[in-house]
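Me: Please take one part of this structure and go through it closely, in plain terms. I would like to follow how that part is built and what lies around it.

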Amino acid sequence: MKEKLQSIKEDALAQIAQADDRNKLNEVRVSFLGKKGMLTAVLKSMKEVAPEERPAFGQLVNETRALIEGALEERRSALEQAALEQQLKDEVIDVTLPAKKNNVGHRHPNTIAREEVERIFIGMGYEVMEGPEIEYDEYNFEKLNIPANHPAKDEQDTFYISKDIVLRTQTSPVQARAMETGKLPIRMISPGRVFRSDEVDATHSPSFHQIEGLVIDKNITFADLKGTLEQFAKELFGEETKTKFRPHHFPFTEPSAEVDVSCFKCKGKGCRFCKGSGWIEILGCGMVHPHVLEMCGIDPEVYTGFAFGVGLERIALLKYEIDDMRLLYENDARFLKQF
Ligand code: DAH
């Protein structure tokens, strides 16, 4: 019996050493320690052992079992370790490989210019408002003092959706919308897309962008308008920039003006950029017409205000010295990458 036990032990240890994966190891366990395993069989044949030897023999069987179990466990953890090492080897990362290029897009020159203008006015306490691109004729024209027979309402300039609805031709209707909220005072700018029935060329596009500005409060004067726009021009084009207000006409402001800035290329001496004049026109502005205030529910005897409208593309073209507006819309990455 003892010899049998000894040979079971040796066989078991040899087979454990040879098992080279977990399944085989499990087979070995079952064949020795399982219900029908060899060691179990030995236990069952205990009755053949003389009664006085049984305790010692039983102990020997238990020791053998413990030994085999220990060997199984050791082998199992060695196999697991080896498997882990193999996996790490297989999944090794070559940190010297060149990194995948991450193609992050960036802001369009129009967006950069818009955010710059927004930054300047937010710094002066303005809020940014939005209005609809598809607008009522009433807001785009009537409430801005542009009567039915006005040339701006001509179908050659305006895209009509229906008799009463247009693609807004300017951001000025947001003025009326701001005033109608009834919240005073108002200090707002409103950037957005506008539409005109124009042929595409270097300076025209059927869709472009404007930024509207509106201030309504008590005691607002033309001096506030001048100071604000002078400061705006300096922040946008540089501290040495001069501004010039030329009388002009807009139906919704009285008096009205167009504003030129001194050419930041030649500092006013005259160059190709400013067509020799030393000045570049950048926006339209004026004191909000009393009739417009009235139509929007504001008492012109108590409140006054100023408004202005800037062409966003114009700012972007000037700032980046681009001489053809079409470049801004063609979405040629080689062009856009430069800003
Ligand atoms: N809406 C005008 C345009 O499209 C620009 C403009 C001029 C806006 C004077 C204003 C303003 O608010 O006061 O030509």
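Reply:

**Strand β5 and its surroundings**

Strand β5 is mostly covered, with 10 of its 11 residues buried. The model is a predicted one, and what follows was computed from it.

Begin with the neighbours of β5. On the one hand there is β4, which runs antiparallel to β5 and is joined to it by 10 bridges. One pair of partners here is P191 and I211, the latter lying in β5. On the other hand there is β9, which also pairs with β5 in the antiparallel sense, over eight bridges. In that pairing, L214 stands opposite A307 of β9. As general background, strands of a sheet pair through backbone hydrogen bonds, and the pairing may be parallel or antiparallel. Side chains in a regular strand alternate between the two faces of the sheet.

Next comes the sheet as a whole. Seven strands make up an open sheet, and their order is β1-β4-β5-β9-β8-β7-β6. The pairing in this sheet is mixed. Its edge strands are β1 (127-128) and β6, each of which pairs on one side only. In the strand order, β5 sits between β4 and β9.

From β9 the sheet can be followed away from β5. Strands β9 and β8 pair in the antiparallel sense through five bridges, and within this pairing C285 stands opposite F308 of β9. Strand β8 in turn pairs with β7, again antiparallel, over eight bridges. There, S262 has W279 of β8 as its bridge partner. Strand β7 covers residues 253-262. Eight of the 10 residues of β7 are buried, so by the cut-off of under 20% relative accessible area this strand counts as mostly covered. The last step leads to β6 (residues 243-250), which runs antiparallel to β7 and is joined to it by seven bridges. In this pairing P247 stands opposite A257 of β7. The connection from β6 to β7 is a hairpin of two residues.

Now return to β5 and look at a side-chain link that involves it. R187 and D217 meet in a salt bridge, with N and O 3.7 Å apart. This pair links distant parts of the chain: R187 belongs to strand β4 (residues 186-195) and D217 to β5, and 30 residues separate them. R187 has a relative accessible area of 30%, and therefore it counts as partly exposed.

Strand β5 also takes part in the surroundings of the ligand. How many residues surround the ligand? There are 15, and the closest are Q170, Q175, R196, Q210 and E212. By kind, this shell is made up of five nonpolar, eight polar and two charged residues. Three polar contacts can be described in turn. The side chain of Q170 has an N or O atom 2.7 Å from a nitrogen atom of the ligand. S172 places a polar side-chain atom 3.0 Å from a nitrogen atom of the ligand. For E212, a polar side-chain atom lies 2.5 Å from an oxygen atom of the ligand. On its own the ligand would expose 350 Å², and the protein buries 89% of that area. The elements that contribute two or more residues to the shell are β5 (207-217), β8 (279-288) and β9 (304-311).

Salt bridges also occur in other parts of the structure, and a search of the whole of it finds 25. One of them joins E138 and K143, whose closest N and O atoms are 3.6 Å apart. Are these two residues buried or partly exposed? E138 has 39% relative accessibility and so counts as partly exposed, while K143, at 11%, counts as buried. Another salt bridge brings together the side chains of R114 and E115, at 3.8 Å from N to O. R114 is partly exposed, with a relative accessible area of 28%, and E115 is partly exposed as well, at 30%. There is also a network of salt bridges, which links R22, E73, R76 and E80.

To come back to the starting point: β5 is mostly covered, pairs with β4 and with β9, and gives two or more residues to the shell around the ligand.

Technical notes: Residues are numbered from 1 along each chain as its sequence is written. This is a predicted model: local features need pLDDT of at least 70, side-chain atom pairs count only at pLDDT 80 or more; totals for chains, interfaces and linings use all residues. Side-chain values use heavy atoms; hydrogens and water are left out. A residue is near a molecule or strand if one of its heavy atoms lies within 4 Å of it. A polar contact is a pair of N or O atoms within 3.5 Å; within protein, one must be able to donate a hydrogen and the other to accept it, and residues adjacent in sequence count only if both atoms are side-chain atoms. Accessible areas come from the Shrake-Rupley method with a 1.4 Å probe; for residues, only the protein chains shown count as cover. Helices (H or I, at least four residues) and strands (E, at least two) are DSSP runs, numbered from the N terminus. Ala, Val, Leu, Ile, Met, Phe, Trp, Tyr, Cys and Pro count as nonpolar, Asp, Glu, Lys and Arg as charged, and the others, Gly among them, as polar. Buried means under 20% relative accessible area, exposed over 50%, partly exposed in between (1.4 Å probe, protein chains only). Two strands pair if DSSP finds at least two bridges between them. A salt bridge is a side-chain nitrogen of Lys or Arg within 4 Å of a carboxyl oxygen of Asp or Glu.
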